[in-house]
Amino acid sequence: MTRQARKATPVRSALRSTSPLRASVEDGLGAVKQADRACIDPSVRREFVDSLDADEALRPGHDRENRWDYLLGHEASGEIIGVEPHSAKQDEIATVIRKRAAACEQLRAHLREGVRVAKWLWVASGRVHFAATEKAKLQLDAKGIEFVGTKVLAKHLPRPPAPSGRRRPAP
């Protein structure tokens, strides 16, 4: 891939030219730890053109703070998706909510003006142990986090933009 093409990928394009995080962006799922790749369904892995291990990249200066794990660049939509493989237990809901809030604050100095993470996905890193799944979903929805179960699937990804002049069908 050429240097020019790399700049056009979602995560790279979202970062300010002065952000030290740019050096940590990798092609495809290169920044995602091998064990965490299992949380992304094989059928959608090729849809990600770049990735950032935000947990590691943001550790300096935030080593005692909550940090979100990954930012992934979705090629078809051009959007950034935050993915957090984390144990899915009732007592971890507040932790994941804090991680998202911390990531928004930590990324503020790195993202270009007007850029946002399109989706924040929590994927179970093991079995799901929610006592009240509906209550957990409501709590997470209120904070902009989607719990996706044990795999990130195509249905969890943003839709590509509709071709110009045509309306996108209602979901």
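The following legends describe close-up views of a predicted model.

**View A. Strand S3 between its two neighbours.**
Strand S3 covers residues 70–74, and 5 of its 5 residues are buried. Tyr-70, Leu-72 and His-74 point one way from the strand, while Leu-71 and Gly-73 point the other way. Strand S2, residues 48–53, pairs with S3 in the antiparallel sense over 5 bridges. Within this pairing, Leu-52 stands opposite Leu-71. S3 is also joined to S4 by 5 bridges, and these two strands run antiparallel. Here Gly-73 of S3 stands opposite Ile-80 of S4.

**View B. The hairpin of S3 and S4.**
Strands S3 and S4 form a hairpin, with 4 residues between them. The turn includes Gly-78, which has a positive phi of about 75°.

**View C. The parallel strands S4, S5 and S6.**
Strand S4 (residues 79–89) and strand S5 (residues 119–129) pair in the parallel sense, over 8 bridges. One of the residues to follow in this view is Gly-82, whose bridge partner in S5 is Trp-120. S5 is in turn joined to S6 by 2 bridges, and these strands also run parallel. The bridge partner of Trp-122 in S6 is Phe-147.

**View D. The aromatic pair of Trp-68 and Trp-120.**
A pair of aromatic rings is described by the distance of the centres and the angle of the planes. The structure holds 2 such pairs. In the pair shown here, the ring centres of Trp-68 and Trp-120 are 5.1 Å apart. Their planes stand at 85°, an angle over the 60 degrees required, so the pair is edge-to-face. Trp-68 lies in the loop between H4 and S3 and Trp-120 in strand S5, so the pair ties together parts that are 52 residues apart in sequence. Trp-68 counts as buried because its relative accessibility is 1%, under the cut-off of 20%. Trp-120 is likewise buried, with a relative accessible area of 6%.

**View E. The aromatic pair of Trp-122 and Phe-147.**
Trp-122 and Phe-147 form an edge-to-face pair, with 5.3 Å from centre to centre and 75° between the planes. The pair links distant parts of the chain, as Trp-122 is in strand S5 and Phe-147 is in strand S6, 25 residues apart. Trp-122 has a relative accessibility of 0% and therefore counts as buried. Phe-147, by contrast, is partly exposed, because its relative accessible area is 23%, which lies between the cut-offs of 20% and 50%.

**View F. The nonpolar cores.**
The largest nonpolar core has 27 residues. Those with the most contacts inside this core are Leu-52, Leu-71, Leu-107, Trp-122 and Ile-145. At least two residues of the core are supplied by each of helix H2 (10–14), helix H4 (54–57), S4, helix H5 (93–107), S5 and helix H6 (133–142). H5 gives the largest share, 5 residues. Another core, of 15 residues, lies apart from the largest one. Among its members are Leu-29, Cys-39, Ile-81 and Val-123.

**View G. The surroundings of His-156.**
His-156 is found in the segment after strand S6, which covers residues 146–147. The relative accessibility of His-156 is 5%, so this residue counts as buried. Residues up to four places away in sequence are not counted in its contacts. With these set aside, His-156 touches Lys-119, Leu-121, Glu-146, Val-148 and Lys-151.

Technical notes
Residues numbered from 1 in each chain as written. Predicted model: local features only at pLDDT ≥ 70, side-chain atom pairs only at ≥ 80, totals over all residues. Heavy atoms only, no water. Buried < 20%, exposed > 50% of the residue type's maximum accessible area, 1.4 Å probe, protein only. Contact = heavy atoms within 4.5 Å. Pairing = 2+ DSSP bridges. Core = buried A, V, L, I, M, F, W, Y, C linked by side-chain atoms within 4.5 Å. Phe/Tyr/Trp six-rings, centres within 6.5 Å; stacked < 30°, edge-to-face > 60°.
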